[in-house]
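Me: Please take a close look at the charged side chains in this model. I would like to know which ones pair up, where they sit, and what surrounds the ones that do not pair.

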Amino acid sequence: MDRRQEIIEAAAKSFTLFGYKATTMEQVAKIANVGKGTIYTFFANKEILFQEIAMSLVREMKAEADAVLDASASFMDNAHNALMKMLQFREKHLLFAKLIEEEKELRTPAVKQVLLQIETEILSYVAELIQRRINKGEIRECDAELVSYLLLKAYLAFVVDWHELHGDVIPEEKILNLFKETIFRGLIVN
C-alpha cells in the first residue's frame with residue numbers, strides 16, 4: 001500500500017474514533033506511522049484530507065447502490081432498492097454515523113459541509129436514475145432534482161427518523177407499499 005492510502009486509512013480511523021473536531025494531524029501521523037510532514041506532502045490540511053475521505057464514502061455508497069440496480073426492473077423497484085441501500089450504508093458505516101452524531105451534537109461547520117456534499121451527491125445520483133426513466137418514457141416528465149429530494153427525505157423520514165422518534169422500525173415491505181401507493185403512483189406512466 002502506498003503512503004497516501006495509508007494516511008487516508010489512518011485519518012478515516014481517527015475521524016471514526018474521535019470525530020472530525022477532535023482529530024489532529026498528529027493523531028493521523030501516529031496511526032499511519034509516518035511523520036506529520038509526510039501527511040502535508042499529500043494533503044495541505046485536515047479539511048482537504050477530510051474531503052478526500054468523504055468522497056471515498058460517496059463512491060463506496062454509490063457502488064453499493066449500483067450493485068442493487070437491475071436494468072430489467074421497474075423504476076420503482078430500482079429507486080426503492082437504491083435508496084434503501086444508501087440509507088443502510090449511512091446507518092451502518094461507522095464513520096458516517098460518527099459524522100452525523102458530531103453534526104447533531106457539536107454543529108461542526110466542516111462536518112456539516114461534508115454531510116451536505118454527500119447529500120448533494122446522493123440527490124444527483126437519484127436524479128440521474130429518474131431522468132433516465134423519464135427519457136425511456138417509464139415515468140412522467142417531472143423535475144428530477146426535486147423528485148429526488150422528495151424521495152430521499154421521505155425515505156430518510158421512514159427509515160431513520162421514524163425509528164428514532166417512535167422506537168419501532170417500519171418493515172421495508174410496508175415502506176415500499178406506502179411509496180407505491182402514493183409517490184410512485186404519481187410518477188409512473190400508465
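Reply: The account below starts with the whole chain and then goes through the charged residues.

This is a predicted model, in which local features need pLDDT of at least 70 and side-chain atom pairs count only at pLDDT 80 or more, while totals for chains, interfaces and linings use all residues. Residues are numbered from 1 along each chain as its sequence is written, and side-chain values use heavy atoms, with hydrogens and water left out.

The protein has 10 helices and zero strands; helices here are DSSP runs of H or I with at least four residues, strands are runs of E with at least two, and both are numbered from the N terminus. The C-alpha atoms fill a box of roughly 65 × 35 × 25 Å along the principal axes. Of the 190 residues, 41% count as buried, where buried means under 20% relative accessible area, exposed means over 50%, and partly exposed lies in between (1.4 Å probe, protein chains only).

There are 24 positive and 29 negative charges, and their mean positions are 3 Å apart. Lys and Arg count as positive and Asp and Glu as negative, with His and the chain ends not counted; each charge is placed at NZ of Lys, CZ of Arg, CG of Asp or CD of Glu.

The structure holds 13 salt bridges, a salt bridge being a side-chain nitrogen of Lys or Arg within 4 Å of a carboxyl oxygen of Asp or Glu. One of them joins Glu 6 to Arg 3, with the closest N and O atoms 3.0 Å apart. Because these two residues are three apart in helix 1 (residues 3-22), about one helical turn separates them. Glu 6 is partly exposed at 26% relative accessible area, and Arg 3 is also partly exposed, at 43%.

Another salt bridge, between Lys 104 and Glu 164, has an N to O distance of 3.5 Å. Lys 104 lies in helix 6 and Glu 164 in helix 8 (residues 144-166), so this pair ties together parts that are 60 residues apart in sequence. Lys 104 is partly exposed at 48% relative accessibility, and Glu 164 is partly exposed with a value of 48%.

In the pair of Glu 138 and Arg 133, the closest N and O atoms are 2.4 Å apart. Glu 138 is partly exposed at 22%, whereas Arg 133 counts as buried at 9%. Arg 133 is also in contact with Asn 78, contact meaning heavy atoms within 4.5 Å. Asn 78 belongs to helix 5 (residues 75-92) and is buried at 6% relative accessibility. A network of salt bridges links Arg 4, Glu 52 and Arg 59.

Glu 102, in helix 6 (residues 94-106), is buried yet has no salt bridge. Its nearest side chain of opposite charge is that of Lys 98, 6.4 Å away. Leaving aside neighbours within four places in sequence, Glu 102 is in contact with Gly 19, Tyr 20, Lys 21, Arg 107, Thr 108 and Val 111.

Of these contacts, Arg 107 lies in the loop between helix 6 and helix 7 (109-135). Arg 107 is exposed, with a relative accessible area of 56%, and has a positive phi of about 55 degrees although it is not a glycine. Most residues other than glycine have a negative phi.
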